[in-house]
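Thanks for sharing this one with me. Below are a few friendly notes on helix packing and cavities, to read with the structure open beside you.

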Amino acid sequence: MEDVPLLSIVVPAYNAEGYLGRALDELGTVAGVEVIVVDDGSTDRTREVAEQWAAQSPERIRVVHQDNRGHGGAINTGLAAARGEFLKVLDADDWLDIRSLRALLAHLGMLRLTGQTADAVFTDFVHERAGKTPKIARFDSVFPEGRVFDWSETERFGRRQVLMMHAIVFRTQVLRDADLVLPEHTFYVDNLFVVQPLAHVRRMSYLPVPLYRYFIGRDGQSVAPEVMVRRVDQQLRVNRLALAALPAQADVARGDVPRQLARALLHHLEGVCAVTSATLARGGTPMHLRLRDEFWREVRAENPWLYTRMRRSLLGATSNLPGQAGRRATNLAYHVARRVVGFS
């Protein structure tokens with residue numbers, strides 16, 4: 001196992017020359033890490049920037065070049081190339097706290113040394129927004145610290161405690177056993193990256209360090225409000241795939257799927273679907289409203305229990321109200337849902 005890295009960090013990069021260096025800074029100094037930069041058909045100097053960093057740390061950083069396949073396609077390529085025991089995705093416009101990364105590597109090393117198996121390791125993460133005080137998303141009220149545990153030992157998530165991609169390090173084999181192949185040329189696949197493999201997680205651990213620095217506010221970012229309205233069809237595609245990955249209620253009732261796991265997955269998707277629904281209402285055109293209604297009709301037809309549960313939630317209800325008063329409530333729900341899921 002000595003030649004197997006503890007952690008693969010996959011960095012999907014498209015036209016990221018202006019901030020890729022921040023993401024890669026110091027990663028090449030951390031023992032036990034391999035960094036895979038996937039240059040996804042960039043048309044700027046991303047290729048050159050990535051190769052420069054790889055030349056400085058050839059034993060730890062390597063670059064894969066491909067024709068443009070989108071964020072999901074870049075993650076697929078990184079997963080296929082990964083040799084590490086665990087895998088973390090780092091978007092090129094975000095970065096990792098190096099002290100926290102070293103703590104994570106020590107924790108992963110302890111798991112390997114003691115022969116303990118964890119399907120996932122959860123950490124805290126930080127919302128970084130230009131001109132605002134960083135906010136830490138903590139999970140210490142949900143997960144026990146310092147040991148491997150199962151879902152029966154977890155507590156309920158608070159409204160703002162959402163297991164985004166930034167909070168999860170998966171065991172690489174779990175991703176492969178889940179047959180994870182993300183859709184290409186599609187934004188918002190982070191949610192599918194969470195839901196599909198998380199459904200296979202049974203043993204895990206939690207390290208209360210602010211590892212991931214999630215930067216919000218860059219012009220043209222996929223989570224900017226105007227961009228989300230423009231790409232709402234891609235949100236809908238990812239939502240449908242993520243909902244299809246939810247465990248069946250019969251499996252939960254039989255005990256084949258831990259109830260707390262099903263609850264965690266549903267908690268994540270309630271927020272995501274509320275954002276999409278409110279985005280469509282905020283778009284406001286007849287086409288947007290038709291797409292919103294069609295989405296909820298599909299959910300009701302395929303899973304009446306899930307439909308009722310999601311529409312009865314505060315965010316689900318207020319993101320679907322008709323009339324002028326409903327539009328005002330929907331606008332409020334849009335901003336609340338974005339904050340809950342972490343888009344603002």
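1. Let me begin with H11 and H12, which are oblique to each other because their angle of about 130° falls outside the ranges for roughly parallel, roughly perpendicular and roughly antiparallel, the last of which needs an angle over 145 degrees. H11 covers residues 286-302 and H12 covers residues 304-312, and their axes lie 5 Å apart. Please keep in mind throughout that this is a predicted model.

2. Which residues make the contact between these two helices? On the H11 side they are Trp296, Val299, Arg300, Ala301 and Glu302. H12 contributes Pro304, Leu306, Tyr307, Met310 and Arg311. Sorted by class, the contact of H11 with H12 has 7 nonpolar and 3 charged residues, with no polar ones.

3. Next comes H10, a helix spanning residues 259-283, and its packing with H8, residues 232-244. The angle here is about 150° and the axes are 10 Å apart. That angle is over 145 degrees, so H8 and H10 count as roughly antiparallel. Their crossing is left-handed.

4. From H8, the contact draws on Val232, Gln235, Leu236, Asn239, Ala242 and Leu243. These meet Leu269, Val272, Cys273, Val275, Thr276, Thr279 and Leu280 in H10. The class count for H8 with H10 is 9 nonpolar and 4 polar residues, and no charged ones.

5. H10 also packs with H6, the helix at residues 190-198. What is the angle between H6 and H10? It is about 165°, with the axes 10 Å apart. H6 and H10 are therefore roughly antiparallel to each other, and this crossing is left-handed.

6. In the H6 contact, Asn191, Val194, Val195 and Leu198 meet Leu261, Leu265, His268, Leu269 and Val272 of H10. By class this contact has 7 nonpolar, 2 polar and no charged residues. Leu269 and Val272 are worth displaying: they take part in the contact with H6 and also in the contact with H8.

7. Finally, the cavities. How many of 30 Å³ or more does a search of the whole structure find? The search gives 2, and the second largest has a volume of about 30 Å³. Its lining consists of Phe157, Val162, Leu163, Ala264, His267 and His268, that is, 4 nonpolar and 2 polar residues with no charged ones. His268 links this point to the previous one, as His268 lines the cavity and is among the H10 residues that meet H6.

Terms used: Residues are numbered from 1 along each chain as its sequence is written. This is a predicted model: local features need pLDDT of at least 70, side-chain atom pairs count only at pLDDT 80 or more; totals for chains, interfaces and linings use all residues. Side-chain values use heavy atoms; hydrogens and water are left out. On a 1 Å grid over the protein atoms alone, a cavity is a set of points where a 1.4 Å probe fits but cannot get out, and a pocket is an open set with protein on both sides within 12 Å along at least five of seven lines; lining residues have an atom within 4 Å of a point. Grid points are joined across faces, edges and corners, and a volume is the space filled by probe spheres set on the points. Ala, Val, Leu, Ile, Met, Phe, Trp, Tyr, Cys and Pro count as nonpolar, Asp, Glu, Lys and Arg as charged, and the others, Gly among them, as polar. Axes are lines fitted to C-alpha atoms, for helices over the stretch in contact, and angles run from 0 to 180 degrees between N-to-C directions. Helices (H or I, at least four residues) and strands (E, at least two) are DSSP runs, numbered from the N terminus. Angles under 35 degrees count as roughly parallel, over 145 as roughly antiparallel, 65 to 115 as roughly perpendicular and the rest as oblique. A crossing is left-handed if the near helix is turned anticlockwise from the far one by less than a right angle, and right-handed if clockwise. Contact means heavy atoms within 4.5 Å.
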